[in-house]
Amino acid sequence: MADSSLKFGTSGLRGLAVELEGQAARQYTTAFLRHLDLTEKGGTKRVFLGHDFRPSSRAILKDCAVAIKHAGLDAVDCGALPTPALALHALAKGGAAIMITGSHIPADRNGLKFYSPNGEIGKADEKRIVDCLDRENIPGHEVLPINEADQASERYFERFASFLTENALTGRRIGVFEHSTVARDFLGRVLRHFGAETVSMGRIDGFVPVDTEAFGDAVFSPIAGWIREYGLDAVVSADGDGDRPLMVDEAGQFIRGDVLGLLAARHLQAQSVVTPVTSNSAIEALGLFELVLRTRVGSPFVVEAINGAPGSVIGFEANGGTFVGQNVVANGQALGPLVTRDAVLPILCALGECVRHNMQLSEIVASVPLKHALADRLQNVANERSDRFLMRLRDEAEAERLFASVGISRRAEIDGLQFWTGAGDMVHFRASGNAPELRCYVEAGSPEAARDLLDWGMQMAARETSK
């Protein structure tokens with residue numbers, strides 16, 4: 001089995017699409033089903049499938065369906081839909097699920113995200129799936145999955161139908177940057193349901209990878225012009241599989257994902273918050289929550305911590321993907337747990353905060369006194385080059401030399417390497433778990449200082465990883 005690029009990263013199995021398509025997809029699906037049979041998570045008779053708009057996704061879905069049929073189970077095709085919509089439908093039906101998506105990574109890559117009948121799998125499950133792999137070829141044959149695309153999409157819509165008060169968004173004009181996200185039609189529908197006027201923009205027939213943390217990408221350059229042209233109160237979007245939000249305020253400023261997650265937790269009055277180390281380091285100091293739990297980067301780590309957290313629980317990642325744990329209430333009604341990333345929920349929460357406080361989006365963001373944070377990444381940096389760079393930074397003398405212009409007051413190593421400068425600002429380097437990329441996160445006391453520090457960090461990393 002040629003699967004040299006395939007590995008589990010921060011959120012599912014990822015690798016080159018040409019290596020995943022065919023026997024590899026069938027064999028990983030079979031290994032997942034074997035794992036379910038060997039654990040208390042087995043017993044499922046149906047496996048629900050969904051996909052994003054990547055050119056390879058539909059073919060890989062068919063390979064997964066072949067393996068499911070070969071195992072004597074029923075494959076259910078939920079079509080192109082957001083990952084949280086697939087997870088919600090499978091959970092309600094008591095079945096397992098596989099989302100075929102590469103999320104935000106380059107278009108020549110793809111992946112499988114696995115859900116047991118109990119929800120998103122964890123790191124221990126990933127290891128057991130690999131242990132269940134073998135090289136047995138699974139013959140191809142025609143499979144006609146059960147079609148539940150409409151049911152799955154409608155179930156997801158009903159989850160949000162009473163999330164805000166009726167006509168809460170009347171009078172607001174919101175742009176939907178559609179590109180090739182599977183959430184594009186749903187975002188417009190749910191916003192109009194609450195009375196907003198929506199403007200569709202930027203729809204792409206093919207596929208373009210959109211990283212909602214890389215605000216400097218050229219794909220985002222038209223947004224400021226759209227805001228001025230259409231007089232928008234906000235622009236909203238999501239990544240390819242609709243589990244990471246993108247939101248831009250009325251002044252054309254991008255809202256960082258951890259700020260959206262924080263606004264969601266505040267809006268839903270969470271008692272416990274779970275978030276990775278890459279989210280803003282000032283969250284604890286706000287005093288909004290009884291407990292803040294920090295994790296490593298990756299949804300499996302967030303899921304594990306949410307499942308053990310007390311009270312009403314919201315989790316979010318630095319990319320803004322938001323998880324709903326137990327005991328959460330929205331608009332006076334219980335909101336069922338959905339412990340997987342969701343892009344729609346934090347967008348609605350941010351708009352709900354605008355309604356609750358009668359403020360513009362920029363004012364709501366300004367009301368949360370966090371450090372100014374930015375992030376970017378170097379693309380096409382092989383893992384070996386990132387590893388060498390991070391290994392050099394672990395050497396105290398080498399780190400002092402590379403940071404000579406900004407100084408080092410302290411450092412930490414949880415997931416990647418964090419350095420606090422002499423001015424008290426922070427720089428965090430980590431290798432992506434999903435793609436050959438090196439990520440850089442910074443926090444500073446002003447937007448200008450954050451921009452300067454990010455530029456410095458990116459330039460230094462580019463120089464040093466090219467050696």
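## A tour of the aromatic pairs, sheets and hollows

A search of the whole structure turns up 14 aromatic pairs; rings of Phe, Tyr and Trp (its six-membered ring) pair if their centres lie within 6.5 Å, with planes under 30 degrees apart counted as stacked, over 60 as edge-to-face and the rest as tilted. Before you click on, know that this is a predicted model, where local features need pLDDT of at least 70, side-chain atom pairs count only at pLDDT 80 or more, and totals for chains, interfaces and linings use all residues. Residues are numbered from 1 along each chain as its sequence is written, and side-chain values use heavy atoms, with hydrogens and water left out.

**Stop one: a ring pair**

Select Phe 32 and Phe 114. This pair is tilted, 4.7 Å centre to centre with 35 degrees between the planes. Phe 32 sits in helix H2 (residues 23–38) and Phe 114 in strand S6, so the pair ties together parts that are 82 residues apart in sequence. The helices (H or I, at least four residues) and strands (E, at least two) on this tour are DSSP runs, numbered from the N terminus.

**Stop two: a sheet with two helices**

Now bring up S10, S9, S11 and S12. In that order, these four strands form an open sheet with mixed pairing; two strands pair if DSSP finds at least two bridges between them. Strand S10 (197–201) and strand S12 (245–249) are the edge strands, and each pairs on one side only. From one strand to the next, the twist averages 25 degrees. For angles, axes are lines fitted to C-alpha atoms, for helices over the stretch in contact, and the values run from 0 to 180 degrees between N-to-C directions.

Zoom in on strand S9 (residues 173–177), which pairs with S10 in the parallel sense over five bridges. Here Ile 174 stands opposite Thr 198 in S10. Add helix H7 (residues 184–193): this helix packs on the sheet, touching S9, S10 and strand S11 (234–238), and its direction makes about 170 degrees with that of S9. Contact here means heavy atoms within 4.5 Å. Then add helix H8 (residues 223–230), lying across S9, S10, S11 and S12 and running at about 55 degrees to S12.

**Stop three: another open sheet**

Select S14, S13, S15 and S16 next. The four strands form an open sheet in that order, again with mixed pairing. Strand S14 (291–295) and strand S16 (322–324) stand at the edges with a single partner strand each, so one side of each is left without a neighbour in the sheet. The twist averages 20 degrees from one strand to the next.

Strand S15 (residues 313–316) runs antiparallel to S16, and three bridges join them. Look for Ile 314, whose bridge partner in S16 is Val 324. Helix H9 (residues 257–267) packs on this sheet, touching strand S13 (272–276), S15 and S16, with its direction at about 170 degrees to that of S15.

**Stop four: pockets**

Time to look at the gaps. On a 1 Å grid over the protein atoms alone, a cavity is a set of points where a 1.4 Å probe fits but cannot get out, a pocket is an open set with protein on both sides within 12 Å along at least five of seven lines, and lining residues have an atom within 4 Å of a point.

The largest pocket has a volume of about 740 Å³. Select Gln 253, Phe 254, His 372, Ala 373 and Leu 374, the closest to its centre of the 26 lining residues. Helix H12 (361–366), strand S19 (372–379) and helix H15 (447–465) each give two or more residues to this lining, and S19 gives the most, with five.

The second largest pocket has a volume of about 360 Å³. Of its 19 lining residues, Arg 296, Asp 415, Ala 431, Ser 432 and Gly 433 lie nearest its centre. The largest share of that lining, four residues, comes from H13.

**Last stop: cavities**

Four cavities of 30 Å³ or more are found across the whole structure. The largest cavity has a volume of about 160 Å³. To find this cavity, select Glu 213, Arg 244, Val 297, Asn 319 and Arg 430, which lie nearest its centre among 18 lining residues.

The second largest cavity has a volume of about 40 Å³. Its lining includes Phe 8, Lys 113, Phe 114 and Pro 300, so you can end where you began, at Phe 114 of the tilted pair.

Technical notes:
Points joined across faces, edges and corners; volume = space filled by probe spheres on them.
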